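Got your viewer ready? Let's take a walk through some charged pairs, one selection at a time.

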Amino acid sequence: MTTHPEAASLENLLHEERSFAPSPAFAAQANAQPSLYADAAADRLGFWADQARDLVSWHTPFTQTLDWTDAPVARWFADGTLNAAYNAVDRHVEAGRGDRVALHFEGEPGDTRTVTYADLQRDVARAANALAALGVAKGDRVVIYLPMLVESVVAMLACARIGAVHSVVFGGFSADALRSRIADAEAKLVITADGGYRRGAPSALKPAVDEALDGEGTDTVKHVLVVRRTGQDTAWTQGRDIWWDDALESADTFHEPVWVDAEHPLFILYTSGTTGKPKGILHTTGGYLTQCAYTHKYVFDLKDDDVYWCTADIGWVTGHSYVVYGPLANGATQVIYEGTPDTPHRGRWWELIEKYGVSILYTAPTAIRTCMKWGEDIPAGFDLSSLRVLGSVGEPINPEAWMWYRRVIGGDTAPIVDTWWQTETGAIMISPLPGVTATKPGSAQVPLPGIAADVVDDDARSVPDGGGGYLVLTEPWPSMLRGIWGDRQRYEDTYWSRWKGLYFAGDGAKKDDDGDVWLLGRVDDVMNVSGHRLSTTEIESALVSHDIVAEAAVVGANDDMTGQAVVAFVILRGEHADRAATPEGAAEVQQELRNHVAKEIGPIAKPKRILVVPELPKTRSGKIMRRLLRDVAENRAVGDATTLADASVMTLISDGLTATKSADD
């Protein structure tokens with residue numbers, strides 16, 4: 001049996017012996033019960049049909065669950081009709097829950113709004129009527145380029161209400177990235193804002209739209225709706241630009257939803273790369289809504305009295321599925337926050353949890369590690385006792401960050417659901433179920449009921465427990481992408497060409513001795529050191545497990561002797577930050593951490609160079625840009641850093657690396 005070399009390195013890693021069984025009290029009241037797995041295994045398609053009927057309201061009931069005759073394009077519940085906005089808003093009002101809070105909005109400056117489901121119904125209807133008045137109709141594409149505002153949610157739902165296809169572009173993307181997405185989608189309308197608040201100051205958005213619309217391929221855009229958020233001076237194109245408030249003020253508060261087929265496109269979401277032709281991931285309505293509602297209910301154990309907070313921006317799929325469609329379809333009360341975790345102070349998130357009584361928190365490992373770096377005394381200053389379920393999303397979470405999250409934020413009682421999924425999968429695929437699963441630090445563990453996933457070798461054979469390989473999905477799932485916008489061949493080549501009938505996720509994974517799945521990151525995030533293939537995630541986990549390290553990023557740099565050398569960039573925890581202030585101290589820290597990696601994994605994994613840095617280069621969504629670190633490690637000019645939250649970080653890192661010498665082997 002061959003083991004996938006990119007994902008599997010040394011067999012002694014990922015033997016996690018810590019395990020946290022659900023308390024009897026939690027298990028007794030949990031939404032998920034062990035029978036879910038048995039039900040799904042006995043009749044997978046019947047299981048999904050039950051979820052669709054139980055969790056989604058249909059205008060015309062479906063009679064066919066799955067049509068896979070045009071594989072790899074699936075059709076789920078295809079003869080049913082529905083409307084996503086009706087499911088997210090109207091049906092809750094009709095059920096007498098209009099006064100229930102849908103959104104607690106908190107702006108970065110401290111302004112707040114409380115929006116009930118009745119309020120949301122009124123605003124979505126007005127926006128839908130306003131869009132229709134501007135000539136937007138079923139099937140038209142609308143690009144949304146907004147901060148994290150109530151209007152952002154309303155804009156998405158208004159598009160869904162009239163059958164238009166929204167394409168949200170993250171507000172941190174450049175004008176060129178925005179232009180390419182507008183052009184590829186052939187958008188008819190853009191919705192933006194004068195700006196938003198970020199780290200205590202207004203940040204303009206409208207100028208990027210103006211620049212984008214001056215570019216090639218954007219002449220399909222007829223109007224730009226502009227939300228007034230910051231009051232900044234805003235350039236204006238008469239006849240094209242319209243204030244959001246003006247458009248909605250005269251619009252009727254009643255709007256009959258446009259009932260669409262289950263396979264009608266709901267949204268296009270472009271993957272985050274900003275070079276080359278953008279890749280528009282297409283999601284449709286019925287299957288997507290079903291799996292979002294199902295996973296949100298069971299993975300987070302949602303109850304009527306919960307206050308839920310997913311910290312993701314709507315510019316990413318997590319914001320689509322677990323801020324807008326999943327929570328609202330389930331009638332949840334949730335918090336949305338415009339700003340960053342450290343404005344106006346580093347306790348901002350914990351302050352909001354205390355203020356609103358947040359009981360479910362869903363965030364990224366990057367954010368958790370950043371809070372670790374700031375010190376546990378900050379969250380200790382707030383009452384976090386309302387938290388009862390914690391979630392992790394976006395990348396593999398280091399076991400020690402997982403433990404910190406559980407102990408410091410969850411009070412050693414809240415179960416952690418470490419979720420694996422992608423823009424392409426649409427909804428969560430692999431995760432513990434709280435109340436059922438004995439959770440294990442750092443592992444996403446098992447596919448959810450109804451999901452068929454495996455780890456396979458180069459010949460597409462399932463690897464044994466303890467083996468590493470490629471993560472694949474072996475059966476279609478309701479929220480799966482239906483293709484790449486306008487390019488079926490690219491869809492097939494990208495996701496289905498490696499092995500016939502298997503969706504290849506692009507991630508390496510390993511099964512531990514219990515058969516639980518550990519994600520090892522993208523298969524291209526690997527290094528070949530003297531013929532040994534090592535995963536960056538494995539080495540980063542080893543570094544973060546050391547008491548002095550808050551965060552780490554690892555890259556492979558070209559090396560004449562070994563092919564590639566391991567280069568690590570680490571942030572020390574606050575109380576240890578001064579240890580590397582002198583060359584002697586830096587050398588001591590470097591040697592200590594190299595020895596630690598050797599002990600945790602093996603000598604072959606020891607970083608050749610470790611640089612202590614104040615920050616890591618991250619996009620505004622929190623993703624570490626290892627490409628830039630690789631440029632630094634190989635002494636190249638640093639590439640395009642425009643999407644970084646703070647481009648000056650690269651100067652600090654480059655200067656530090658020049659002054660640091662490699663430790664002797």
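Start by selecting R348 and E106: their side chains form a salt bridge, N to O at 3.5 Å. Now color by secondary structure and see how this contact links distant parts of the chain, with R348 in helix α12 (residues 348-356) and E106 in strand β4 (residues 101-106), 242 residues apart. Turn on the surface next. R348 counts as buried at 5% relative accessibility, and E106 is buried too, at 3%. Keep in mind that you're looking at a predicted model.

Next stop: K206 and D241. Their side chains meet in a salt bridge with an N to O distance of 2.8 Å. Here again the pair links distant parts of the chain: K206 belongs to helix α8 (residues 206-213), D241 to strand β12 (residues 241-243), and 35 residues separate them. Buried or exposed, what about K206? K206 is buried because its relative accessibility is 1%, under the 20% cut-off. D241, with a relative accessible area of 5%, is buried as well.

While you're at it, select R113, D119, R122, D123 and E151 together: salt bridges with shared partners join them into one network.

Now jump to helix α7 (residues 175-185), where R179 and D176 sit three residues apart, about one turn of the helix. Their side chains make a salt bridge too, at 3.8 Å from N to O. Check the surface once more: R179 is partly exposed at 22% relative accessible area, and D176 is also partly exposed, at 47%.

Want to keep exploring? How many salt bridges does the structure hold? The count is 41.

Note on methods: Residues are numbered from 1 along each chain as its sequence is written. This is a predicted model: local features need pLDDT of at least 70, side-chain atom pairs count only at pLDDT 80 or more; totals for chains, interfaces and linings use all residues. Side-chain values use heavy atoms; hydrogens and water are left out. A salt bridge is a side-chain nitrogen of Lys or Arg within 4 Å of a carboxyl oxygen of Asp or Glu. Helices (H or I, at least four residues) and strands (E, at least two) are DSSP runs, numbered from the N terminus. Buried means under 20% relative accessible area, exposed over 50%, partly exposed in between (1.4 Å probe, protein chains only).
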